[in-house]
Amino acid sequence: MSTSLSTSGPASGQPPIADAGPLALCAREPRVPAERLVAEMVPPPRFDSVRFDTYNPDPTQPSQAEAVQVLSGFAAGLGGAHASGAGKRGWFRKKAPAPAAGPRGVYLDGGYGVGKTHLLASLWHATPAEPALKAFGTFVELTNLVGALGFQQTVQTLGGHRLLCIDEFELDDPGDTVLVSSLLSRLVEQGVALAATSNTLPGKLGEGRFAAADFLREIQGLSAHFRPLRIDGQDYRHRGLPEAPAPFSDEQVAKAAYATPGASLDDFPGLLDHLAKVHPSRYGALTDGIAAVCLTDVVPVPDQSTALRLVVLADRLYDREVPVLASGVPFDRLFSDDMLNGGYRKKYFRAISRLTALARDAKPLVSQ
């Protein structure tokens, strides 16, 4: 599926030519057709090759090894013909509802960085069905799909699937939670198995580590279809790893951008302004073909709306394994204390964790 990229500068979506200089995210205005939203409901590039046997359980956290065993069995149980008929494709299918025996869903309950997305993607890969009969996406991507196709056509599109995986179910948006819960109820009626992770409701204590009770309450009638699977542990990105590298100078960042084919170079405040003009569903397309993101003058984000947009961009960059090289303040100073103590704290901590990992990945771009 193609994506058009309107540009007002060097970001044409084409590989850079000699002496053309780096690309600019601020010059990109992606247009994403609805069919691309459907086709891209697969694990992101970072999780293309993950499997249950590549997940490294923390030996001090037995719940992690147990999760692998339970999910492996869940995947195996999804073999055979779809309850409504396997192998049929297309957007306009008619499926006869078929009740499922036992729980047809699993909810991965744990803090950020314990490998929930790794396990969710492994479940998708392990489920014995062709990719066209499995779907994987974030809650935001699922709501964007409903917005693009409409509710009924989304039901028809996903109703013949064997499995739908939803990462980062947004419990903090009551309207969208009701919408997606209604969608999932229709899909369960058609025999679709479900798997999900979630964020945390606003105001909850404990930094959103365990949200099963919130999740099951918010989805109400669907709760009987989910088996909560608790996964304890610390953020794996920080287990035994050094602290995030200190920011580089503006000159170092710019030099690296010019020396790295496919790199982008943007002023951070300008990029934040540009994100307000691009729908978050297009942030993945915004980074198409980008080999590294180089940012100058990183400053704390000024408000919560801006911060939440940055979280989405950080997720898309992390999914695509795009290194981030930056000057200015360290990434652990992006969000104010009020933000880190507020209702969206888990999102902000996740963004810091992921940007820190990408900053480590970007360190070799700077010539020593």
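These questions and answers cover the fold of a predicted model.

User: How many helices and strands does the protein chain have?
Analyst: The model is predicted. Both element types occur in the protein chain. The count is 13 helices and 10 strands.

User: What share of the 368 residues is buried?
Analyst: Buried here means under 20% relative accessible area. The protein chain holds 368 residues. Of these, the buried share is 52%.

User: What is the strand order in the open sheet of five strands?
Analyst: Pairing in this sheet is parallel. Its neighbouring strands are turned by 15 degrees against each other on average, direction ignored. The order reads β4-β5-β6-β3-β7.

User: Which strands stand at the edges of the sheet?
Analyst: The open sheet runs β4-β5-β6-β3-β7. An edge strand here has a single partner, so one side of it is left without a neighbour in the sheet. That applies to β4 (134-138) and β7 (226-230).

User: Which residue in β7 stands opposite Val-106?
Analyst: Strand β3 covers residues 105-109. Five bridges join β3 to β7, and the two run parallel. Opposite Val-106 stands Arg-227.

User: What angle does the direction of helix α6 make with that of β5?
Analyst: Helix α6 (residues 174-189) packs on the sheet. It touches β5 (163-169) and β6 (193-198). With the direction of β5, that of α6 makes about 165 degrees.

User: Among contacts between residues at least 6 apart in sequence, what percentage joins residues at least 24 apart?
Analyst: A contact needs heavy atoms within 4.5 Å. Counting those between residues at least 6 apart in the protein chain, the portion joining residues at least 24 apart is 84%.

Definitions and conventions:
Residues are numbered from 1 along each chain as its sequence is written. This is a predicted model: local features need pLDDT of at least 70, side-chain atom pairs count only at pLDDT 80 or more; totals for chains, interfaces and linings use all residues. Side-chain values use heavy atoms; hydrogens and water are left out. Helices (H or I, at least four residues) and strands (E, at least two) are DSSP runs, numbered from the N terminus. Buried means under 20% relative accessible area, exposed over 50%, partly exposed in between (1.4 Å probe, protein chains only). Two strands pair if DSSP finds at least two bridges between them. Axes are lines fitted to C-alpha atoms, for helices over the stretch in contact, and angles run from 0 to 180 degrees between N-to-C directions.
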